[in-house]
Amino acid sequence: MQSKKRFKFATVVLIFSIIASLLLGLGAVGLLLFRAFLVTFLPEIPFDGINLLMVGASIFLAVIAVLIFIGGMLAQYSIGWNVFLSIISFAALSTSGISGRNYLVIGLFTTILVFSILNIIDANKKEKVLASSNNFEEKLLNLNAMFDRGLISQEEYQKARTDIINSIE
């Protein structure tokens, strides 16, 4: 469900998503430059399989970078994009153990993961408040309708109205 208000931790998620997407984009460009270096300066070695692998990995990194950037922009207002960033962050953290001690990746994606989850929690709290305010409004409208139809007295109306207003958390 989309929320019209910005989430509490939207700025943190946005900033770290931009940083992560820039680093992934630089990684993709760096991989292509390394490939060009190998092909240019070591022409006697056949790089057919490695060449395809490097190009594929570069494209993969570039696509993930774009998705994280878009996710960071849209996660400001969308629970779904926060879930997406949480999944991507969890996947990045799961694979970062394979590549060794890459503390930058771990720090970036842990921050995105934590604050995306906090945005989801914040959105759920806002939905509960919205649902309870709709329930509150509905109770008052029903009470007014009962009073207008003469089903309850002025004294009963005032007591019930006071009870409803006092029940707000």
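Is Ser21 buried or exposed? Ser21 is buried, with a relative accessible area of 9%. Welcome to this structure, which is a predicted model. The protein chain holds five helices and zero strands, and along the sequence the pattern reads α-α-α-α-α. Here is a short tour, starting with the whole chain and then moving to particular places.

**The chain as a whole**

- The protein chain has 169 residues, and 26% of them count as buried.
- Its accessible surface is about 11,200 Å², and carbon and sulfur atoms make up 70% of that surface.
- Among contacts in the protein chain with a separation of 6 or more, 68% join residues that are 24 or more positions apart.

**Helix 1 and Ser21**

- Helix 1 runs over residues 10-41.
- Its 32 residues should span 46 Å at 1.5 Å a residue, and the end C-alpha atoms are indeed 46 Å apart, so the two values agree.
- The buried residues of helix 1 are Ala10, Val13, Leu14, Ser17, Ala20, Ser21, Leu24, Ala28 and Leu38.
- Ser21 has its place in this helix, and its side chain reaches the backbone oxygen of Ile18 at 2.9 Å.
- Leaving out residues up to four places away in sequence, Ser21 touches Ala65, Ile68 and Phe69.

**Helix 2**

- Helix 2 covers residues 48-74.
- This helix has 27 residues and reaches 39 Å from its first C-alpha to its last, close to the 39 Å expected at 1.5 Å a residue.
- Met54, Ser58, Ile64, Ala65, Ile68, Gly71 and Gly72 are buried in helix 2.
- Two of these buried residues, Ala65 and Ile68, are also touched by Ser21.

**The largest nonpolar core**

- In soluble globular proteins, nonpolar side chains tend to be buried together.
- The largest nonpolar core in this model has 13 residues.
- Which residues touch the most other members of this core? They are Ala20, Leu24, Ile68, Leu85, Phe109 and Ile112.
- Two or more residues come from each of helix 1 (10-41), helix 2 (48-74), helix 3 (79-96) and helix 4 (103-148).
- Phe109 is a good residue to look up here: beyond its neighbours within four places in sequence, Phe109 is in contact with Ala20, Leu24, Ile68, Ile88, Ser89, Ala92 and Leu93.

**Ser89 in helix 3**

- Ser89 is found in helix 3.
- Ser89 is buried, with a relative accessible area of 1%.
- Not counting residues up to four places away in sequence, Ser89 touches Phe109, Ile112 and Leu113.
- Two of these partners, Phe109 and Ile112, are among the core residues that touch the most other members.

**Leu104 in helix 4**

- Leu104 is found in helix 4.
- At a relative accessible area of 53%, Leu104 is exposed.
- Leu104 and Leu23 are 81 residues apart in sequence, while their C-alpha atoms are 9.9 Å apart in space.

**Helix 5 and the salt bridge**

- How many salt bridges does a search of the whole structure find? The search finds one.
- The side chains of Lys159 and Asp163 meet in this salt bridge, with a distance of 3.1 Å from N to O.
- Lys159 and Asp163 are four residues apart in helix 5 (residues 154-166), so about one helical turn separates them.
- Lys159 counts as exposed at 54% relative accessibility, whereas Asp163 is partly exposed with a relative accessible area of 40%.
- Gln158 also lies in helix 5 and counts as partly exposed at 36% relative accessibility.
- Gln158 and Leu143 are 15 residues apart in sequence and 9.7 Å apart in space, C-alpha to C-alpha.

Note on methods:
Residues numbered from 1 in each chain as written. Predicted model: local features only at pLDDT ≥ 70, side-chain atom pairs only at ≥ 80, totals over all residues. Heavy atoms only, no water. Salt bridge = Lys/Arg side-chain N within 4 Å of Asp/Glu carboxyl O. Buried < 20%, exposed > 50% of the residue type's maximum accessible area, 1.4 Å probe, protein only. Core = buried A, V, L, I, M, F, W, Y, C linked by side-chain atoms within 4.5 Å. Contact = heavy atoms within 4.5 Å. Polar contact = N/O pair within 3.5 Å; in protein donor to acceptor, adjacent residues only side chain to side chain. Expected span 1.5 Å × (residues − 1). Areas by Shrake-Rupley, 256 points an atom, 1.4 Å probe, with all protein chains shown as cover.
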